[in-house]
Structures are given as structure tokens and as C-alpha cells.
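Work through the exercises below with the sequence and the 3D structure at hand. Try each task before reading its solution.

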Amino acid sequence: MNRTNFRASFDIIHILMDATVCVASFLIAFSIWGPKTYGLQDWKGFLSIYFVCIFNFLTINRTLRVYDNTVFFYKDRIIRRVTASFIIAFLCGHIIYVNTMHSSFASGFIFWLLGITYFFLIIEILIFKDLIDRIINRKHVPRVVYVGSKNSYNKFRYFLEKTSLIVNEIGYVNIDEDDSGIEYIGKLTDLEKIIRKYTIDQVFILQKRDMDMVTLQFYIDRCIEMGITCRVIVDTFRRRKAFSYVSSVGTYPMVTFHTVIMNMRERLLKRAFDIVFSLVAIVLTSPVMIITAIAIKLDSKGPAFFKQVRVGKNGRHFKIWKFRSMCTNAEEMKADLEELNEVQDGMMFKIKDDPRITRVGKFIRKTSIDELPQFFNVLAGSMSIVGTRPPTIEEVSKYTAGQWRRISIKPGITGMWQVNGRSSITDFDRVVELDTQYIDEWSVWLDIKIILKTVLAVLTRKNSY
């Protein structure tokens, strides 16, 4: 994975839309004016040239930063760039056509093809791009707050609205003054509380010319420590332990400090992997889940499934599903068992011979069958196959800023902690270390490696109770 994330502003959805429009335009033109007198060899040659034109068109667009989602999205500006790319690409195609094709296609067909292609490209820019972007990204829009003076905030927000970046603006944080505006949600000194309260994903810090650099660096470090993406509207800054990349919004240069993956390509790849893997797992394990549900009902009173509110990415709450492995009053009994907790500092709750576990529960915990319903959490998008252990609300309330970073990604069914000791690890700082190691080193191959190790650990029943 490219940890510098210099392609994080690359709008892959837009390039796929343009390619789809070009292919669809050919099909429409062919249905209207499809000369059937030409042989298969002629069509192969013509289509080869047409696809070269599409490739050139997309490449020129990227060179002109049409697919950079931080560029101003004034529609007339984008139309001019797309028109230039279209003319250059298809002029090059015409030159290739004249010099390589032995037969001439009807000029009417080529006229329809070019006209329809350009028409739908413009329609896409004027109408469909914003609509499709919002439909596709509506569940993945980052929750952001802006930090800075009121004037800087208003100006920057104006520039941001002219780009194709989509954010969920939660509010505005003033550096050192109170404000009566409805967007105002607090002062900079309360930034950590604001991040926790509003489950913030990203913080935009708009630097004032007279802003104390030491203070600014402190809040950048705090965001990095918590695993929150911090975008600083300045020329340069030391990046500390975070990765960074440089882009711009309007007249503002922007340096982004982050510890989590930012590239859309990698995020889509991981999500696609989660969907396919969870679907296959649900189908293959459905007989086991049915038998387990029946066994739980026969063994003890109560529901077969256990649901509990857990904390997900950056503090979001979701309901996790598991097979019930404890008696129905397990939560009420927990207070009486706190002194037996084997995890240091009480940051997690683990007891080797927990008296609340039922007979069937002991078996399904040992074999990890109790966690099979979590594949439905993965399919729904609240969890991932590989990630960090999903903590409870009570556990997260005790987190320091550095420990908060472990929930800067989606929680997973398995992860570094599970394959490196699991229940044998009683030091929570070690758990955090393993989780943050996974965040820093993530790759598809690392996920596959962890899954294989998890299967081995389940088969050997190592460190599970």
C-alpha cells in the first residue's frame, strides 16, 4: 500500500463513469446507425481504435486534473477541460483511423458516435456526477469539524463547496473565542472532548498567521495520537508518526496528517473482500449456526443470540451479534466478578473460568463458533473480517488519547491480537500495540495472513476461553 497517499484525491468513481459513458455511447450509436455491411475484421479494427481513443481521453483528463476531487468543480471549467481532452483524443484516433483502416465507415455513423459520446459526457458533468457521487458515498462521508477563526472558516467552506469533496460538516471550533453562531460547537481546548462526543473522523485546522506554532503542533499530535485524520491548511509541518500528503483546496495549500488508509482504491478493495468473504462464510457455516442455535435453546433458558452495543470506527456505536454463551443475567453478575478480571487496569474483562458461561457456551467459545453471527455485521458494514477487537462503551470511556487510536478503523472479527496470544495477553497496552501495528502495516496480504493464522488458531483451540 502507498502510505504517502498521494493518490488519495484521485476520483476513481468519476473515471469509471466516463469510461462507462463512452462504451454506452458506442452501443447507442450502433443501434441507431449500425452499418451491417462491414465484416468482423473491420469492426475489430474500428473498435480497437475507439478504445485507444477512450484510453487517451481518460489519460488527458487525469493530466488536466479532472479526476482530482480537490480541484474547483466550477462546471464550466470542467467542461472546457473535458472538451479539450475529447478533441485531442479523437483527433489522434482519426489519424490512426486514416492510416490503418482499409475500409471507410459511414460518416453518419462516426458523426452519431462522436455526437452522442460528447453529449452524454456533458450531461454527466451537469447532472449525474454530483448525484451519483452522493448516492455512492452517502454512507462513507467523513464527519468533520473546522478549527480556526470565523472569517477563515467561512472562506474555506466557500472554497470547499466548489470542489467535489463530500463531507458531513458537524460544526466549527474557534481557536480562542466564544461564538454565537449555530455552527459553533466549542473552543480548541475542548477538541478531544468534541472528537469523542461527535464521533469525528477528520479535523480541518485553518492556521492563523499569528497562531502559536507550538500550540498548533500539540493539537496535530493529539489528532494523530487518537487516529483522527488532521488536515492542516498551512505550508508545511512535521508529520510526527503520521503519514502525510499535500494537496490544495482553492487558494489554500493543505497538508493531511493521517494514520489510516485514505486511498479509495484500497478502501474499496477491503470492502469488496469483506462482502465476498462474509457471504461465502454465511453460506458455508449456516448448518453449523442452525445446530448451534438449537443446542443453546435446549441447554439453557433465554435467546439463542446475544446482542450488545459496541464501539466501532472513531466512536460510532453499533449492535454486535454473537451466539449466547452465558447465562441471561451475565451482565448483572459482572460487578461481583470484577476482582477476578485478569486484564491489567480493567481495560477489558477476561476470566479464564468464567462462572457465567453455560455448557454449550464453553464449547462454542473454545471453537469460536459463538462469533459466526458477526459475519452479518461484516456484511452490513459495521465490522470488517480483519480489524481491531470491538470494545464496549464502558471500556472506551476509560481510553486515553493514544488508546483511542485503536478504534480509528472498523473493528474486526479477527485481528493481530487474536493471532498473537489472544486471551493469554493480559496487558492492554500490548493489545493497543498490536492493533496500531495492524493499522500502520495494513495490506491485503496482511489480512490474508491473519485469516490463515486465525483458522489455525481455531483448529488448535490455542489461547481461547
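The exercises that follow concern a predicted model of a protein chain.

**Exercise 1. The whole chain**

Task: State how many helices and strands the protein chain has, and what share of its residues is buried.

Solution. Start with the secondary structure: there are 16 helices and eleven strands in the protein chain. Next, take burial: of the 465 residues, 51% are buried. Then turn to the surface, where the chain exposes about 23400 Å². Carbon and sulfur atoms supply 61% of that area. Last, look at contacts with a separation of 6 or more: 71% of them are between residues 24 or more positions apart.

**Exercise 2. The nonpolar cores**

Task: Find the largest nonpolar core and list the contacts of isoleucine 195 beyond its neighbours within four places in sequence.

Solution. The largest nonpolar core has 67 residues. Those with the most contacts inside this core include Val147, Leu191, Ile195 and Phe323. Now select isoleucine 195 and leave aside its neighbours within four places in sequence; the residues in contact with it are Ile200, Val203, Cys223, Met226, Ile228 and Trp404. Apart from the largest core lies another one, of 27 residues, and Cys53, Leu58, Ile60 and Val66 are among them.

**Exercise 3. Serine 247**

Task: Locate serine 247 and decide whether it counts as buried or exposed.

Solution. Serine 247 belongs to strand E6, which covers residues 243–249. Its relative accessibility is 12%. Buried means under 20%, so serine 247 counts as buried. For its surroundings, skip the neighbours within four places in sequence: serine 247 is in contact with Ser9, Thr70, Tyr252, Pro253 and Met254. Finally, compare sequence with space: serine 247 and alanine 8 are 239 residues apart in sequence, while their C-alpha atoms are 9.4 Å apart.

**Exercise 4. Two residues with positive phi**

Task: For arginine 65 and threonine 199, give phi, the loop and the burial class.

Solution. Take arginine 65 first. Its phi is near 65 degrees, a positive value in a residue other than glycine. Arginine 65 sits in the loop between helix H2 (40–63) and helix H3 (75–100). With 39% relative accessibility, arginine 65 counts as partly exposed, because that class lies between the 20% and 50% cut-offs.

Now take threonine 199. This residue is not a glycine either, yet its phi is positive, about 45 degrees. The loop that holds threonine 199 runs between helix H6 (191–198) and strand E4 (202–206). Its relative accessibility is 14%, so threonine 199 counts as buried.

Methods
Residues numbered from 1 in each chain as written. Predicted model: local features only at pLDDT ≥ 70, side-chain atom pairs only at ≥ 80, totals over all residues. Heavy atoms only, no water. Helix = DSSP H or I, 4+ residues; strand = E, 2+ residues; numbered from the N terminus. Buried < 20%, exposed > 50% of the residue type's maximum accessible area, 1.4 Å probe, protein only. Contact = heavy atoms within 4.5 Å. Areas by Shrake-Rupley, 256 points an atom, 1.4 Å probe, with all protein chains shown as cover. Core = buried A, V, L, I, M, F, W, Y, C linked by side-chain atoms within 4.5 Å.
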